[in-house]
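Colleague: I'm new to reading protein models. Could you walk me through one, feature by feature?

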Amino acid sequence: AHALLVLLFFFLIKGAMESAVKLTETKLSRMFMLGFVAFFVLPLLGFFLLFPLVTAPISALIFIFIAVLWMFSIPFAGYVLGRRLFGDMAPLGAGVIGTLVLTAVCYIPCLFFVVPTVCSIFIAGYLTQSFLDKRMEK
């Protein structure tokens, strides 16, 4: 199923995935740091915004964003991993192989929650870093 998501992502958001590959060449450690902060700040923000009734819909959107980030983290991070490891191959083939590697690692019993968590931290860091880069351009 993850390989099919990579195929779908490749045709829908190829630009964002290639941008993530280029961004990892120079700012990988910063992306992980920002992702780590976002990974812990977003749930707290969603929890605190849950209590005032006016901001409850914003809290629901934050929790939906976290769930979507968690579900699609392995295909996105797998594509980036495959492109970085197998740069000589075709982009789609490298992305599918990277995703299959991450999916196979998920089948190790102790790593079932660790791999999606690290992938979610990576993607949250990518989204934060790309937002900051676009903001600096203006």
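Modeller: Sure, let's start with burial: 35% of the 138 residues of the protein count as buried. Buried means under 20% relative accessible area, exposed over 50%, and partly exposed in between, with a 1.4 Å probe and protein chains only. Bear in mind that this is a predicted model, where local features need pLDDT of at least 70, side-chain atom pairs count only at pLDDT 80 or more, and totals for chains, interfaces and linings use all residues. Residues are numbered from 1 along each chain as its sequence is written, and side-chain values use heavy atoms, with hydrogens and water left out.

Colleague: How many helices and strands are there in the protein?

Modeller: Six helices and zero strands, so the pattern along the sequence reads α-α-α-α-α-α. Those are DSSP runs numbered from the N terminus: helices are H or I with at least four residues, strands E with at least two.

Colleague: What radius of gyration does the protein have?

Modeller: The protein has 16 Å, which agrees with the value near 14 Å for a compact globule of 138 residues. The radius is taken over C-alpha atoms, and the globule rule is 2.2 Å times the number of residues to the power 0.38. Along the principal axes, the C-alpha atoms fill a box of roughly 50 × 45 × 25 Å.

Colleague: How do I check a helix, say α6?

Modeller: Compare its span with the expected one, which is 1.5 Å times one less than its number of residues. The 24 residues of α6 should span 34 Å, and its end C-alpha atoms are 35 Å apart, which agrees. For α5 (residues 91–106), 16 residues should give 22 Å, and the ends lie 23 Å apart, which agrees too.

Colleague: Which residues of α5 are buried?

Modeller: First the general idea: an α-helix has 3.6 residues a turn, so residues three or four places apart point the same way. In α5 the buried ones include Gly95, Gly98, Leu102 and Cys106. Glycine 93 also has its place in α5, but at 28% relative accessibility it counts as partly exposed.

Colleague: Which elements do the buried residues of α6 pack against?

Modeller: They pack against α2, α3, α4 and α5; among these buried residues are Cys119, Phe122 and Ile123. Before that helix, in the loop between α5 and α6, sits leucine 111. Leaving aside neighbours within four places in sequence, leucine 111 is in contact (heavy atoms within 4.5 Å) with Val105, Cys106 and Pro116.

Colleague: And how do I read a pocket?

Modeller: Rolling a probe the size of a water molecule over the atoms shows where empty space is left. On a 1 Å grid over the protein atoms alone, a pocket is an open set of points where a 1.4 Å probe fits, with protein on both sides within 12 Å along at least five of seven lines; lining residues have an atom within 4 Å of a point. Here the largest pocket holds about 230 Å³, a volume being the space filled by probe spheres set on points joined across faces, edges and corners.

Colleague: Which element gives the most to the lining of the largest pocket?

Modeller: That's α4, with four residues. The lining includes Ala77, Val80, Leu81 and Arg84, as well as Leu102 and Phe122.

Colleague: What volume does the second largest pocket have?

Modeller: About 200 Å³, and its lining includes Phe9, Phe65, Phe76 and Tyr126. At least two lining residues come from each of α3 (56–71), α4 and α6.
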